[in-house]
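Open the model in your viewer and keep the selection tool at hand. The stops below say what to select next and what is there.

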Amino acid sequence: MPTFNRSCIQFVRRGTIILLLATMPVLFVTRSDSHETSSPAGIAMKEGAQAFERGAFGEALSHWKQAMELYKSSRNAPAQVEALVLSAQASMGLGQSKQALQSLELALALAQKSGDPLIEAPILGHLGRIYLALRQLPEASEYLQQAADIANKQKASPLMATTLNDLGILSVLKQQDKDALDAFQKSVSHAQSAGLPLLAATARTNAARVLLRLGQPTNSRIALDDALDHLKDLPPSRDQSLGLIGIALAYQRITPQLPQAHDPLVLRTAGVLQEAATLAQQQGDKRTLSYAHGYLGHLYETEFRMDEALQLTRRALFAAQAVDAPESLYRWQWQLGRQLAATGQLDQAIASYRQATVTLQPIRVEIAQASSEGHVADQDTVKPLFFELADLLLQRASLTDDGKAAEGYLFSARDAIEAYKTAELRDYFKDDCVDAVRSRLTTFDRLSPDTAVIYPIIFSSRLELLMSLPSGLKRISVPVTAERLTREIREFRRLIEKRTTREYVPHAQQLYDWLIRPLETDLSRLNITTLVFVPDSALRTIPLAALHDGSSFLISKFALAMTPGLTLTDPRPLNRDKLRFLTAGLTKSVQGFPPLPYVADEVESIQRLYKSDQIMNNDFQASRLERELREGRYGGLHIATHGRFSTEVNNSFLLTFDGKLTMQTLDQLIGLFRFRQEPLELLTLSACQTGVGDDRAALGLAGVALKAGARSALATLWFINDEASAALISEFYRQLRNPALSKAVALQRAQLKLLSDRVYEHPAYWSPFLLLNNWL
């Protein structure tokens with residue numbers, strides 16, 4: 001007989017909606033003697049199920065792992081597969097996606113040996129579902145389609161119902177809403193015919209959300225009412241509670257779209273959440289109780305009933321603490337902080353926000369993976385946490401008469417944004433390499449007398465400039481909204497690449513007025529000659545050197561550098577004595593990319609000025625590059641080839657003669673330097689480009705040197721005239737020979753030389769060169 005397990009619902013966020021994933025209702029076809037419930041393994045399976053039902057995922061995982069080992073010892077493969085799949089569900093509940101995938105891959109290998117597609121297919125569905133939750137859409141699509149093909153061939157309605165629900169979510173993530181609605185409606189039909197009312201309610205709820213996206217709020221409400229009616233008739237269970245929470249959140253989403261029904265919808269939302277809380281309470285499921293109380297607290301917050309909101313949020317927080325659920329605990333600490341701030345309790349609010357950032361730290365990568373993926377440009381779900389904390393700290397600084405205490409709050413505000421920037425880079429590269437770099441470095445606030453660090457923080461209503469000067473930290477608030485600032489930045493970037501016009505000038509002057517003019521008095525008084533920017537969001541995409549004060553470019557006044565974060569920058573000066581270069585590149589046309597004839601000039605200038613080795617054209621292959629880096633002792637690596645930085649790190653590359661060097665491969669190659677006493681001093685990428693308006697691509701450009709363990713990088717925002725690039729690069733290396741000059745000043749002099757040349761005076765030629773990270 002087929003063995004059924006209940007569907008376990010998980011939440012998947014997409015933009016302004018939350019979709020419901022239901023785990024596979026059919027695990028596999030097993031024989032009735034696959035495991036005895038009275039055996040030690042059977043008892044462990046039963047205890048795991050009981051723990052899972054009350055939200056104790058860690059305890060459930062422990063029991064199921066024990067059962068899996070016992071089944072392995074007794075060579076009971078079908079039962080071992082079942083224990084592995086259940087272990088994967090518990091791991092996902094704990095946010096341990098890697099462990100979940102490992103369990104499922106082992107289960108799949110065992111299932112494939114059985115030769116039974118009805119054992120293999122549900123595991124394929126589970127794998128697809130995990131990749132869906134992680135927003136790795138190509139992998140999710142592959143596994144889910146395999147499961148759907150088997151379900152169709154075997155005419156397995158339960159399996160088809162679940163897979164269609166997941167394929168519907170996949171379509172939503174691909175912004176194919178009509179396809180998604182069709183999949184959800186078919187899922188409802190299959191679930192009903194298979195006698196799976198909980199799955200039918202789940203698919204109805206998802207269909208309601210898609211109807212809202214399609215501009216049909218009334219039909220969305222009808223679908224939700226239908227899902228709620230069916231869900232209420234089911235026996236009490238954890239999944240029923242989670243289903244009720246999903247329906248309540250969907251009601252909350254449609255409320256603004258149906259203003260005439262505001263009060264009834266709010267009352268219904270509150271009632272459904274309260275029902276979910278009561279069910280969870282009866283079952284001893286504190287994890288689900290935490291979500292019910294937390295979302296109910298948020299509902300009261302939106303209705304400005306702050307006393308009830310605070311009470312419910314605290315209950316949610318305590319419930320999450322009781323079951324060690326950091327993935328929800330940080331949300332309720334954040335929510336409590338927001339509510340405390342709204343009621344004027346600023347110090348308590350700051351404390352709660354800080355607790356949320358600490359709770360989030362160890363689970364940040366999992367949260368990020370489940371909130372964005374490549375072409376699904378989802379808004380970062382935790383960025384507001386750090387920026388709201390920084391905003392509160394800046395408010396607190398304004399209310400403090402003690403100058404030293406006020407400066408302390410300013411430093412704390414900067415540190416909050418710094419923590420986000422570090423996490424952002426870690427999320428982009430999808431590993432912890434940034435933490436390893438950060439652990440070796442310390443924040444430097446004692447700057448050289450001629451240097452200022454400018455830390456712009458873009459809030460929705462204003463721009464804050466925190467400026468680290470030799471005399472201390474100063475704050476300037478600029479009354480420009482994030483929307484207007486971003487619009488100006490986008491126009492500036494779009495127009496400055498047009499080499500035959502000066503349309504960029506008004507935008508260059510406006511940005512100067514917002515970013516630099518408020519600082520001019522202090523910069524002049526302290527004789528500052530070098531500016532280091534720690535840019536955020538859209539500011540990473542523009543060449544600050546081309547900002548204009550009405551009479552001259554910013555580069556004419558200051559040497560400039562950018563760094564993704566102060567705590568990510570190694571402040572030691574350049575060791576010129578050990579600066580031996582490896583140069584690699586292409587002058588020929590390969591793989592459809594145009595030739596770069598002037599790369600030869602760049603290579604020749606490096607060879608003339610420094611000790612160096614070259615690998616060019618046919619020799620420029622990843623294997624040869626690895627051998628040279630492994631065997632040579634280089635302080636500089638100059639790569640002159642076409643490169644592209646993309647929103648998704650996996651789509652970023654540098655062109656080699658026989659292929660493309662991905663960021664992962666580059667990291668592995670240059671990472672050889674991490675374990676040497678002297679790291680790579682300078683990485684130069686002289687022909688790379690990022691897309692207009694692509695903030696994450698610019699982040700990757702800034703982060704690649706950091707990830708690879710290089711102290712500094714010189715790179716370009718867009719591809720420029722090959723001859724101009726060669727001239728600027730050659731002059732930069734010539735200036736860098738002077739031990740009295742920093743890298744920032746060497747680049748400034750090279751850019752000014754091109755600016756003084758009538759052929760190359762337009763900033764499209766000289767401004768896209770950025771010095772990243774260490775500027776000394």
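Begin with the contact between two helices of this predicted model: select Phe57, Leu61, Trp64, Lys65, Ala67, Met68, Tyr71 and Lys72 in α2, then Ala79, Gln80, Ala83, Leu84, Leu86, Ser87, Ala90, Ser91 and Gly93 in α3, which they meet. Sorted by class, this contact of α2 with α3 holds 11 nonpolar, 4 polar and 2 charged residues. Now show the whole helices, residues 57–73 for α2 and 77–93 for α3; their axes come within 8 Å and cross at roughly 160 degrees. Angles over 145 degrees count as roughly antiparallel, so α2 is roughly antiparallel to α3. The crossing of α2 past α3 is left-handed.

Next, select arginine 135. This residue sits in the loop between α5 (117–133) and α6 (137–154). Is arginine 135 buried or exposed? With a relative accessible area of 1%, arginine 135 is buried. Check the backbone here as well: the phi of arginine 135 is positive, near 60 degrees, and the residue is not glycine. Most residues other than glycine have a negative phi.

Move to proline 197, which lies in helix α9 (residues 197–213). Its relative accessible area is 41%, so proline 197 counts as partly exposed. Add histidine 230 to the selection: this residue is 33 residues away along the chain, and its C-alpha atom is separated from that of proline 197 by 7.1 Å.

The next stop is another helix pair. Select α13 (residues 286–302) and α15 (residues 326–342); their axes come within 11 Å, with a crossing angle of roughly 25 degrees. Angles under 35 degrees count as roughly parallel, so α13 and α15 are roughly parallel to each other. Their crossing is left-handed. To display the contact, pick Arg287, Ser290, Tyr291, Gly294, Tyr295, Gly297, His298 and Glu301 on α13, and Glu327, Ser328, Trp332, Gln335, Arg338 and Gln339 on α15. By class, these comprise 3 nonpolar, 7 polar and 4 charged residues.

Go on to phenylalanine 304, in the loop between α13 and α14 (306–322). Phenylalanine 304 has a positive phi, near 60 degrees, and is a residue other than glycine. Its relative accessibility is 72%, so phenylalanine 304 counts as exposed.

Then select alanine 640, in strand β12 (residues 636–640). At a relative accessibility of 1%, alanine 640 counts as buried. Which residues is alanine 640 in contact with, leaving aside its neighbours within four places in sequence? They are Ala584, Gly585, Leu586, Leu596, Val599, Glu602 and Ser686. For a distance to check, take cysteine 688: its C-alpha atom and that of alanine 640 are separated by 8.6 Å, with the two positions 48 residues apart along the chain.

Finally, zoom out and colour by secondary structure. The protein has 30 helices and 19 strands. Of its 776 residues, 60% are buried. Switch on the surface: the accessible area comes to about 30,300 Å², and carbon and sulfur atoms account for 50% of that. Among contacts in the protein with a separation of 6 or more, 70% join residues 24 or more positions apart.

Definitions and conventions
Residues numbered from 1 in each chain as written. Predicted model: local features only at pLDDT ≥ 70, side-chain atom pairs only at ≥ 80, totals over all residues. Heavy atoms only, no water. Axes fitted to C-alpha atoms, helices over the stretch in contact; angles between N-to-C directions. Helix = DSSP H or I, 4+ residues; strand = E, 2+ residues; numbered from the N terminus. Parallel < 35°, antiparallel > 145°, perpendicular 65-115°, else oblique. Left-handed = near helix turned anticlockwise from the far one by under 90°. Contact = heavy atoms within 4.5 Å. Nonpolar A, V, L, I, M, F, W, Y, C, P; charged D, E, K, R; others polar. Buried < 20%, exposed > 50% of the residue type's maximum accessible area, 1.4 Å probe, protein only. Areas by Shrake-Rupley, 256 points an atom, 1.4 Å probe, with all protein chains shown as cover.
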